[in-house]
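Please keep the model open while reading this note. The points can be checked one at a time.

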Amino acid sequence: MNWKQAPLGPVQTNAYVLYNQEGEAVIFDPGGDGEAFETALKKENIKPLAILLTHAHFDHIGAVDHIRDAFNIPVYIHQREAHWLQDPSKNLSVNMTSEGITARPAEHVIEGERSITVGPFAFRIVETPGHSPGSVSYYHEPTGTVFSGDVLFQSGIGRTDLPGADESTLLNSIHQKLLELPEDTTVACGHGPVTTITAEMDGNPFLSGL
């Protein structure tokens, strides 16, 4: 199994494609550019099985319906943000885009921390609120990767100046959930380059007090 990063949408949010040798895949956070993303997936003979959302901010959901319909696949999201998909004020698109962004309700609503299996892909879901109340991270042990959305970045953390965000909650999520993962875990961030748990434990200035 392997994965690719694909910056999409108005602020180049990182979507990720986790795939196997047969081309089966799951898609994380398709934030925009739906037609181009669909074309690229089909060119690579990728066959998506599901869309997994780390949270429901507009820049992570812009191409959800396009990709969902193109491949006839379900969407997963945490219960605290399930209703955000249909609400431009909640997903923040009403003030940050020329048109509000919405998506249809998700087929699967995540409640609590659990393990899920999508085809050949197994994940441990951990709740990592703070950037948003329903932020979750998907830990994929076979590749040693956590797909964490906007929780932890290279030398940074997610924004906490948005509605529903809280800095102490975010730092607690990072400390209690992400930093407890194996130190060689790759952090597939929602924006910018990927990093590792070790690198952020050693050098992230926001985590120096943890």
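The points below cover the annotated domain, the nonpolar cores, three buried residues, one cavity and two backbone angles.

1. Status of the model. The structure is a predicted model, and the remarks that follow should be read with that in mind.

2. The annotated domain. An unreviewed UniProt entry lists residues 12-191 as "domain: Metallo-beta-lactamase". In the model, the C-alpha atoms at the two ends of this span lie 7 Å apart. Helix makes up 21% of the span and strand 31%.

3. The largest nonpolar core. This core has 30 residues. Those that touch the most other members are Val-17, Phe-37, Leu-41, Ile-51, Leu-53, Ile-67 and Leu-85. At least two core residues come from each of the strands β1 (2-8), β2 (13-19), β3 (24-28) and β5, and from each of the helices α1 (34-43), α2 (58-61) and α3 (64-71). There is also a second, separate core of 18 residues, with Leu-18, Ile-116, Val-118 and Tyr-138 among them.

4. Phe-37 and Ile-67. These two core residues are in contact with each other. Leaving aside neighbours within four places in sequence, Phe-37 also touches Ala-6, Leu-8, Ala-15, Val-17, Ile-27 and Pro-30. Ile-67 is in helix α3. Is Ile-67 buried or exposed? Its relative accessible area is 0%, so Ile-67 counts as buried. With the same neighbours left aside, the contacts of Ile-67 include Pro-30, Gly-34, Glu-38, Leu-41, Ile-51 and Ile-73. Phe-206, by contrast, is 35 Å from Ile-67, C-alpha to C-alpha, and 139 residues from it in sequence.

5. Asn-91. This residue lies in the loop between β5 (75-78) and α4 (93-96). Asn-91 counts as buried because its relative accessible area is 0%, and the cut-off for buried is under 20%. What does the side chain of Asn-91 reach? It reaches the backbone oxygen of Trp-84, at 3.0 Å. Beyond its neighbours within four places in sequence, Asn-91 is in contact with Trp-84, Leu-85 and Ile-101, and also with Ala-56, His-57, Phe-58 and Ile-61. Leu-85 is one of the core residues listed in point 3.

6. The cavity. How many cavities of 30 Å³ or more does a search of the whole structure find? The search finds 1. The largest cavity holds about 40 Å³ of space. Its lining includes Asn-14, Tyr-16, Phe-28, Asp-29 and Thr-54. Further along the sequence, Phe-147, Ser-148, Gly-149, Ala-188, Cys-189 and Gly-190 also line the cavity. Strands β2, β10 (145-149) and β13 (186-189) each supply at least two lining residues, and β10 gives the most, with 3.

7. Two positive phi angles. Most residues other than glycine have a negative phi. Gln-12 is not a glycine, yet its phi is positive, at about 55°. Asp-29 is not a glycine either, and its phi is about 50°. Gln-12 sits in the loop between β1 and β2, while Asp-29 sits in the loop between β3 and α1. Their exposure should be noted separately. Gln-12 is partly exposed, with a relative accessible area of 42%, whereas Asp-29 is buried, at 2%. Asp-29 is also one of the residues that line the largest cavity, and Gln-12 is the residue at which the UniProt domain span 12-191 begins.

Key. Residues are numbered from 1 along each chain as its sequence is written. This is a predicted model: local features need pLDDT of at least 70, side-chain atom pairs count only at pLDDT 80 or more; totals for chains, interfaces and linings use all residues. Side-chain values use heavy atoms; hydrogens and water are left out. UniProt positions are given in the numbering used here, feature names are shortened, and annotations may be inferred rather than shown by experiment. Helices (H or I, at least four residues) and strands (E, at least two) are DSSP runs, numbered from the N terminus. Buried means under 20% relative accessible area, exposed over 50%, partly exposed in between (1.4 Å probe, protein chains only). A polar contact is a pair of N or O atoms within 3.5 Å; within protein, one must be able to donate a hydrogen and the other to accept it, and residues adjacent in sequence count only if both atoms are side-chain atoms. Contact means heavy atoms within 4.5 Å. A nonpolar core is a set of buried Ala, Val, Leu, Ile, Met, Phe, Trp, Tyr and Cys residues joined through side-chain atoms within 4.5 Å. On a 1 Å grid over the protein atoms alone, a cavity is a set of points where a 1.4 Å probe fits but cannot get out, and a pocket is an open set with protein on both sides within 12 Å along at least five of seven lines; lining residues have an atom within 4 Å of a point. Grid points are joined across faces, edges and corners, and a volume is the space filled by probe spheres set on the points.
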